Amino acid sequence: MRTIPDADQLADGQTCEDFGLVELACRNWGGFIWFNMDADPDPLEDYLGTVTELLAPYHLSEMQLTSTSTVEWDCNWKTAIDTANESYHTTSVHPQMLWYMDDVNTQLDFYSRHSRCITPMGSPSPRLHLEDQSMIPGALQDMMLQAGMDPSTYGGDLTTLRRDIQQHKRAQASDMKGPYDELSDDQLTDSHHYFIFPNISLTLRAESATVIAHHPHPTDPDQMTAYISVLQHPAAHLAEDQTLSQLLEQDGFNLPRVQRGLHSRGFQQGAALLPQEARIRHFHDVLDAYLTP
Ligand SMILES: [Fe+2]
């Protein structure tokens, strides 16, 4: 507080300092400021647990912010998180990703409240049933160019491409030596998506990170705001990622329809979740445990 009109009428000589806002628990970790509305929260490192060790090789705090955006969606914040926590919707909502991402052979991991999904990138989805393994789709050629490879002289095929991109990155990218040093070969191509309970979606690639903070609307449970930040390692020199805005548009089109479906009188039996949607169940189990006395 800067000033109090007629402050001399306050009892006991009270000043602006006596009327400060309640302090919020804040910590700086990984280059981000984390806050907790709980007056006495667990220490952040304890709360994040194993996730801090898994994120360490990416050196998040050394990445630089390249863009931020704010998106308002007509859905509950949990509906958007459910979407972020499964790749089952890729084939119907983001079919363009199937050309460079294996949405079938994903790995799901669970860490107390949090979870992770590893998605192989650099090989197409088995759902496409591509018969000619020698034809490299355009999206994968873009990935090769990004890695410094020349698609026109490539002698391999779709069965070798992901591994070759990894090895090429490892061998050629001397200026990325720092960021790549602590990453495994698979981490040089693949997407590692972390869900940090209750509302953070963190997509990691070797050179970049996309963070989405899902915030509930203050009064309307059918609206939410997503705060999106894109970060890059200073040595990465990546072209502006056009795919993110397309993904957000596609999800933004879909989410209000999913929300309406959840409210439908015809939706009585709940969702039948597949094993690949296990992170949705995990999120809601953790949330229910917090909300159930
Ligand atoms: Fe999506």
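Where does P198 sit? Select it, and you will find P198 in the loop between β6 and β7. Helices (H or I, at least four residues) and strands (E, at least two) are DSSP runs, numbered from the N terminus. While you are there, look at the peptide bond between F197 and P198: it is cis, with omega at about 10°.

**Before going further**

This is a predicted model, in which local features need pLDDT of at least 70 and side-chain atom pairs count only at pLDDT 80 or more, while totals for chains, interfaces and linings use all residues. Residues are numbered from 1 along each chain as its sequence is written.

**The whole chain**

Zoom out. The chain has nine helices and nine strands, and its C-alpha atoms fill a box of roughly 85 × 55 × 30 Å along the principal axes. Of its 293 residues, 27% count as buried. A residue is buried if 20 or more other C-beta atoms lie within 10 Å of its own, exposed if 12 or fewer, and partly exposed in between, with C-beta atoms placed from the backbone.

Now colour by domain. Domain 1 covers 1–48, and domain 2 is made of 62–128 + 184–264 + 274–291; such bounds come from an automatic or database domain assignment. The centres of domain 1 and domain 2, taken over C-alpha atoms, are separated by 32 Å.

**The sheet**

Select β3 to β9 next. Seven strands form an open sheet with antiparallel pairing, in the order β3-β9-β8-β7-β6-β5-β4. Two strands pair if DSSP finds at least two bridges between them. Find β3 and β4 at the edges: each has a single partner strand, so one side of each is left without a neighbour in the sheet. On average, neighbouring strands of this sheet are turned by 15° against each other, direction ignored.

Inside the sheet, pick out β5 and β6, which run antiparallel and are joined by five bridges. One pair to label is S115 and its bridge partner in β6, F195.

Then add α3, which packs on the sheet and touches β3, β6, β7 (200–204), β8 and β9 (224–232). The direction of α3 makes about 155° with that of β8. For such angles, axes are lines fitted to C-alpha atoms, for helices over the stretch in contact, and the angles run from 0 to 180 degrees between N-to-C directions.

**A stop at S208**

Click on S208, which lies in strand β8 (residues 208–216). Is S208 buried or partly exposed? S208 counts as partly exposed because it has 19 C-beta neighbours inside 10 Å. Not counting residues up to four places away in sequence, S208 touches V230, L231, Q232, A236 and L238; two residues are in contact if their C-beta atoms, placed from the backbone, lie within 7 Å. Try the distance tool on S208 and A236: they are 28 residues apart in sequence and 8.0 Å apart in space, C-alpha to C-alpha.

**Two helices**

Select residues 278–291 to show helix α9. It has 14 residues and reaches 20 Å from its first C-alpha to its last, close to the 20 Å expected at 1.5 Å a residue. The expected span is 1.5 Å times one less than the number of residues in the helix.

Which residues of α9 are buried? They are R279, I280, H282 and F283. These residues cover an arc of only 165° around the axis, which puts them on the same side of α9; the arc is that of the directions from the helix axis to the C-beta atoms. Turn to the other side of α9 and you meet D285, D288 and A289, which are exposed. The buried residues of α9 pack against α3 (77–84), β4 (107–111), β5 (114–119) and β6 (191–196).

Next, select residues 242–263 for helix α8. Its 22 residues should span 32 Å at 1.5 Å a residue, and its end C-alpha atoms are 33 Å apart, which agrees. In α8 the buried residues are D251, L255 and Q259. What covers them includes β3 (64–73), α3 and α4 (90–93).

**Two positive phi angles**

Finish with D12, in the segment before β1 (25–29). D12 is not a glycine, yet its phi is positive, about 60°. D12 is exposed, with 5 other C-beta atoms within 10 Å.

The last stop is H59, in the loop between α2 (50–55) and β3. Phi of H59 is also positive, near 50°, and H59 is partly exposed, with 16 other C-beta atoms within 10 Å.
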